[in-house]
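Dear colleague,

Please find below the structure that I am handing over to you, together with its sequence. My notes on what was found in it follow directly after.

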Amino acid sequence: MKEELLVDSYYMYNFTGASTRVGPSYRNYDTQANSFQLSYAKIGLEVDADPVTVRADLGYGELANLISGGTAGSGVSSFAAQQAFVSLKMPGLSALSIDFGRFNTTAGAEVIEANRNWIYSRSLLFAIIPVTHTGLRLNYKINDMVSVQGSVVNGIANDAPDNNAEKTYGLSVAVAPLPTTSIIATAYIGKEPAGAGATATNLTRTTIDLVVAHNVSDQFGLNLNFDYVKWGDPKALGFSLMGRFVASEHLTLAARGEFLRDNGILGAGSPDTGVNVMEGTLTLGLPFAGHFEARAEVRGDFSGEAIFNTGDPDPKKQQLTGTVAFLGFI
């Protein structure tokens with residue numbers, strides 16, 4: 001049996017807000033300003049009884065509320081089953097496994113659990129891709145260099161139960177051309193309803209994600225992420241570059257820069273009139289004893305349009321936040 005525990009809490013100050021309680025715009029997880037916040041408390045259990053593996057990740061907090069479909073920025077905490085699935089290795093074909101239930105998405109350079117990310121705040125790209133899915137997926141390892149994954153799920157988002165008769169189909173290919181380099185390309189496409197009642201129509205939703213990770217050395221790593229998302233007419237396209245340097249056992253430095261062209265996905269621009277959004281983040285990590293890490297982070301978000309809510313009648317073209325996070329994990 002494998003056991004996993006995580007407690008993730010943070011305090012953020014929004015330097016751009018007219019009031020100290022105004023949270024930043026265009027964030028999905030770190031949304032509360034001038035408040036000590038429990039972001040996520042998670043218990044993960046995995047039991048391997050070959051050829052069957054059962055995995056469940058149960059959590060509570062602001063992040064759990066968002067996983068369950070809550071509104072970003074509400075600050076509401078709730079319980080959620082992040083993952084709950086059974087995996088079966090096919091007899092006589094150990095390279096093939098089938099997962100059924102709810103599981104994390106394969107897309108993205110970042111994950112739900114903050115301790116597994118180089119940078120505490122999630123990127124703009126993370127806000128436009130799916131987080132979890134409910135359905136069926138097949139995993140096949142062709143060789144030590146290439147593996148593929150195919151999935152049939154309720155929707156781009158975690159629709160459980162499904163809100164229409166259509167299904168979303170996913171394909172992911174992972175390639176490791178070098179011991180220091182990995183490339184993962186993922187695509188999801190399916191139809192989901194837009195609107196409500198008799199006027200609701202099914203629109204095709206597409207997500208294309210590419211992640212390239214490269215370890216320059218044992219101390220320095222780079223990560224490139226590209227995303228294209230289209231929900232009917234609204235669409236978004238962007239890329240991010242992250243780097244992390246391990247200075248010592250108790251000190252890490254990480255940075256991220258990204259660009260997003262948003263035509264209505266995050267609400268920054270309409271389908272016809274897009275808006276450019278950029279952000280830059282610096283993170284200082286202080287790991288201790290292998291099970292605790294404090295992080296100090298400064299992030300600036302910028303746009304050519306005044307899109308950031310600060311609590312004033314007029315939005316601004318930039319926002320600056322500072323965050324201190326505390327992560328305990330086993």
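A289 counts as exposed, because its relative accessibility is 57% and the cut-off for exposed is over 50%. This residue is found in the loop between strand 14 and strand 15 (292-303). Its phi is near 60 degrees, a positive value in a residue other than glycine. Please bear in mind that the model is a predicted one.

Y26 also has a positive phi, of about 60 degrees, although it is not a glycine. Its place is the loop between strand 1 and strand 2. As background, most residues other than glycine have a negative phi, and most peptide bonds are trans. On the second point, the peptide bond from D50 to P51 is cis, with omega near 15 degrees. P51 is found in the loop between strand 2 (36-49) and strand 3 (52-61).

A further loop residue is G70, found between helix 1 and strand 4 (78-90). G70 has a relative accessibility of 28%, so it counts as partly exposed. Its C-alpha atom is separated by 31 Å from that of P287, and the two residues are 217 residues apart along the chain.

Regarding the overall fold, the protein has one helix and 16 strands. The radius of gyration is 20 Å, close to the 20 Å that the globule rule gives for 330 residues, so the protein is as compact as a globular protein of that length. Its C-alpha atoms fill a box of roughly 65 × 60 × 35 Å along the principal axes. Of the contacts between residues at least 6 apart in sequence, 53% join residues at least 24 apart.

Turning to the interior, 44% of the 330 residues count as buried. The largest nonpolar core has 34 residues, and those with the most contacts inside it are Y29, Y40, I128, V277 and I307. Strand 1 (2-14), helix 1 (62-67), strand 14 (275-288) and strand 16 (318-329) are the elements that give two or more residues to this core. Helix 1 supplies the largest share, four residues. Leaving aside residues up to four places away in sequence, I128 touches D227, V229, W231, A236, L260, I265 and L266.

Finally, as to the surface and charges, the protein exposes about 15,400 Å², of which carbon and sulfur atoms supply 63%. There are 23 positive and 32 negative charges, and their mean positions are 2 Å apart.

With kind regards

Conventions: Residues are numbered from 1 along each chain as its sequence is written. This is a predicted model: local features need pLDDT of at least 70, side-chain atom pairs count only at pLDDT 80 or more; totals for chains, interfaces and linings use all residues. Side-chain values use heavy atoms; hydrogens and water are left out. A nonpolar core is a set of buried Ala, Val, Leu, Ile, Met, Phe, Trp, Tyr and Cys residues joined through side-chain atoms within 4.5 Å. Buried means under 20% relative accessible area, exposed over 50%, partly exposed in between (1.4 Å probe, protein chains only). Contact means heavy atoms within 4.5 Å. The radius of gyration is taken over C-alpha atoms; the globule rule is 2.2 Å times the number of residues to the power 0.38. Accessible areas come from the Shrake-Rupley method with a 1.4 Å probe; for residues, only the protein chains shown count as cover. Lys and Arg count as positive and Asp and Glu as negative; His and the chain ends are not counted. The place of a charge is taken as NZ of Lys, CZ of Arg, CG of Asp or CD of Glu.
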